[in-house]
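Let's walk through this one together, a piece at a time. Have the viewer open and turn things as you read.

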There are 2 protein chains.
Amino acid sequence: MPQENASSSSTGLSAQAASARRPLRIALFGFGTVGSSVARILVESKAEDVELTHIFNRNVARKRVDWTPPNVVWSEDADAVLASDVDVIVELAGGLDPAGGWVRRALEAGKSVVTANKKLIAYHGVELERLAAAKGGHLKYGAAVAGGIPVIPGIEQGLAGDRIERMEGILNGTCNFILSKMEAGAEYATVLATAQAKGYAEADPTEDVGGFDARAKLAILMRLALRVVVDPEEIVPQPITAVTAVDFSYARDLGCTIRQVARAEESGGSVAATVGPMLVDKKSPMAWSRGTENMVILTGHYGGDVVFSGHGAGGHPTAVAVVSDLLALAHGSRRVAVPSAPARIGAEFEVPHYIRFLVDDRPGIVAEITGALARERINIRAIVQKPGYPAHALPFVVTVEPCKSSALKRALASISKMDCLLEEPLDLQMLE
Amino acid sequence: MPQENASSSSTGLSAQAASARRPLRIALFGFGTVGSSVARILVESKAEDVELTHIFNRNVARKRVDWTPPNVVWSEDADAVLASDVDVIVELAGGLDPAGGWVRRALEAGKSVVTANKKLIAYHGVELERLAAAKGGHLKYGAAVAGGIPVIPGIEQGLAGDRIERMEGILNGTCNFILSKMEAGAEYATVLATAQAKGYAEADPTEDVGGFDARAKLAILMRLALRVVVDPEEIVPQPITAVTAVDFSYARDLGCTIRQVARAEESGGSVAATVGPMLVDKKSPMAWSRGTENMVILTGHYGGDVVFSGHGAGGHPTAVAVVSDLLALAHGSRRVAVPSAPARIGAEFEVPHYIRFLVDDRPGIVAEITGALARERINIRAIVQKPGYPAHALPFVVTVEPCKSSALKRALASISKMDCLLEEPLDLQMLE
């Protein structure tokens, strides 16, 4: 389309592409599941605007396939590829190092970068965007959050006119797979093993089940949607590993299920953010998500709730986001960069909570627990004790009306001193 | 951000804005619900990149408010505003005429246009985009489909890397309001009156309930997502007015509800598209939509299903889309214009159907109906006859396995000759 070329012809990058009428030259850094999907889509779609020219991977010989264009240079020499005439580095190695170094060097050289690296963007996105701007390149990372669901372009291009005040997301497919299988009756250890066998979970699943992966993605979305730049380390994640079959059973009785939710809100300049397993109403969109699906709900001051859902992970969906970013670069599309400002996680959510106790039963326990809550002026919504559990290891649940996390924490600290408690109470936020 | 200015400095429009470092000058054409919302958001957000300079409306005196910037020119002279130094016309009048003329003249003059006018874009989008390109302006219409839900930017910027093969959408808030209230037990006439009182429906509701509004939006999405340019008139809509309380009752027994759905699919170069009331599974995302909500489900060859939902209509959500388009223009963001090609609606859906008959009961009716279906080799899935209806006006339902619409149409034409039939059978597609 003529206007696309005309409109993009002034940028360093696009000037090369448009004025010489040659496609953007693309180097893939990383030829795993996502990288080979990206190559596959580029080959099959015969896009005229982008051309795959280099594939970098360690021990590249074992990665080599026969279906890429014959002129693609396969390399295990990152320096050589970075020094070549490629226009865009697609960084799919993940992690801060060495991926961060490659990205910086590419941007320093005025090249553009497309990446799926949530950690790098969560921790260094602002600095890297500044570097790209200074050197005339572009940094795009639509694949870093929610894979194939266009949440980032949706926010940047379609919701820039709103003021997003709140967001909730299911941002980690591994946790969602595990929890939705546990909802259906499976045991954590069994599901984790299945997830590992299917390639949904790493050998060390801490990054996913501990909430660190979702936290990085939340920090990215907070910058784009809430327009606050936070240190991801300030968001304290709660692992999903403390959730048991008992909790799913009690949740069901409360009309809920359990999902790993990342949530953040901004009001009056104050920011709250957290990641962890939460009770979600069976009738809410969050409960619809199954398997490795992702979902993001954004609440705008003007537009109300917008829901995005789909496949958040996997080679093909993530590759769709990468290729879309490449096409956007080739067509001269630019970020709608609304200003964001540094912020601390200083606010608390004031939401209802689910608290599950495991006790060696004796008279007076409920009175003590409810007394401790009352001293912090926390109102009880429900006390549920289901039959069928042994008295010496009795799980029961208290739900409370919206209260500050800090008040509840004090009450639980006092309750934790009771010697009948067999383990720390499990405290989960309830999403309403 | 420096790169935004640098990257957009070659376009006529952005060159003005960026090189002189002055904001884009905006003229609103139409100061109704959406127009005043746009003005409100621009005033409240204090966006530095865009400046509201003109408001055009017929009899503008009665529209005047006291909260817009003091230097805004209020005018009822479209020619004068078009001849002024505004950079962008925001067309919110709707319809083909005179709105289309204003849009053409603005584009002819090299100005850009942001519009919420689905009809204009459905019928003349391709031509207007060519005109914009030729004259150095830009045409944006994120608000034309699904109001505050960023479906259009999501497709253009985030799914360009996929090949969308199918789409289903709830694209008309009025129909969704009516049908979701009917699901809850209300009568069509009563709900329509409520919708009219609330401003959700026009005095003449044909455009909405007849499916013409959804058809225009579907045609726009088909161009962007399926990359086919169709004549909207080739899509034959089925009105929702034939749906009665009886149908909701039968639908419920089948685990379904009824929604107005716009759907299209492309396979092997052949395109199918239709709009009408359809049975949707209670467990499907479509059934979640309530009130005036919109929803779009896109199925990509690589990325699978992506779901967008939210408020598709109303002043504020639509205004969010308009302001987002304005900010995108101001930041030099360009469309990712993937090629689309003219196509005819030549294919048929092969889907299950729900057929409701209303008969003056006598022996042998079911045998005759099932015989007629058998002659077209259509397999019956279920025959449901609920008790409690009078024999002389007996509704009953047949559902059939996936079949071609044309075969079913032939069978129903033969069945319609039966003298026991009190009205034409109601034939609804079932969404699976």
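**A walk through the two chains**

Just after helix H8 of chain A comes Gly185(A), with a positive phi near 115°. A quick word on bookkeeping: this is a predicted model, where local features need pLDDT of at least 70, side-chain atom pairs count only at pLDDT 80 or more, and totals for chains, interfaces and linings use all residues. Residues are numbered from 1 along each chain as its sequence is written, while chains are lettered from A and ligands numbered from 1 in the order in which they are written. As for names like H8, helices (H or I, at least four residues) and strands (E, at least two) are DSSP runs, numbered from the N terminus.

Back to H8(A), which covers residues 173-183: nine of its eleven residues are buried, so this helix is largely enclosed by the rest of the structure. Buried here means that 20 or more other C-beta atoms lie within 10 Å of the residue's own; 12 or fewer makes it exposed, anything in between partly exposed, and the C-beta atoms are placed from the backbone. Among the buried residues of H8(A) are Cys175(A), Phe177(A), Ile178(A), Leu179(A) and Met182(A).

Now zoom out to the whole of chain A. The domain assignment, which is an automatic or database one, gives domain 1 (2-144), domain 2 (151-311) and domain 3 (350-431). Between the C-alpha centres of domain 1 and domain 3 of chain A there are 52 Å. In secondary structure, chain A comes to 16 helices and 17 strands. Its radius of gyration is 24 Å, close to the 22 Å that the globule rule gives for 432 residues, so chain A is as compact as a globular protein of that length. (That radius is taken over C-alpha atoms, and the rule is 2.2 Å times the number of residues to the power 0.38.) Along the principal axes, the C-alpha atoms of chain A fill a box of roughly 80 × 45 × 35 Å. Of the 432 residues in chain A, 53% are buried.

How are the strands of the open sheet in chain A ordered? There are six of them, in the order S3-S2-S1-S4-S5-S6, and the pairing is parallel. Strand S3 (73-75) and strand S6 (139-140) of chain A are at the edges with a single partner strand each, so one side of each has no neighbour in the sheet. Two strands count as paired if DSSP finds at least two bridges between them. Six bridges join S1(A) to S2(A), and Arg25(A) stands opposite Glu51(A) in S2(A). Strand S2 (residues 50-56) of chain A is mostly covered, with six of its seven residues buried. Strand S1 (residues 24-29) also pairs with strand S4 (residues 88-91) of chain A, over four bridges, and there Ile26(A) sits opposite Val88(A).

Helix H5 (residues 99-108) of chain A lies across S1, S4, S5 and S6 of chain A, at about 165° to S4(A). For such angles, axes are lines fitted to C-alpha atoms, for helices over the stretch in contact, and the values run from 0 to 180 degrees between N-to-C directions. In the loop between helix H6 (118-135) and S6 of chain A you'll find His138(A). His138(A) counts as buried, with 27 C-beta neighbours inside 10 Å. His138(A) and Val113(A) are 25 residues apart in sequence, yet 6.3 Å apart in space, C-alpha to C-alpha.

Finally, bring in chain B. A rotation of 180° with 0.0 Å of shift along its axis superposes chain B on chain A (RMSD 0.0 Å). The two copies are thus related as by a two-fold rotation axis. The superposition is by least squares on the C-alpha atoms of residues with pLDDT of at least 70 in both copies.

Where do the chains touch? In all, 58 residues of chain B are in contact with 58 residues of chain A, contact meaning that C-beta atoms, placed from the backbone, lie within 7 Å. Helix H14 (315-330) of chain B is one of the elements giving two or more residues to this side, and H14(B) gives the most, with ten residues. Since 98% of the interface residues of chain B are also interface residues in chain A, the copies meet through the same surface.

Key:
Contact = placed C-beta atoms within 7 Å.
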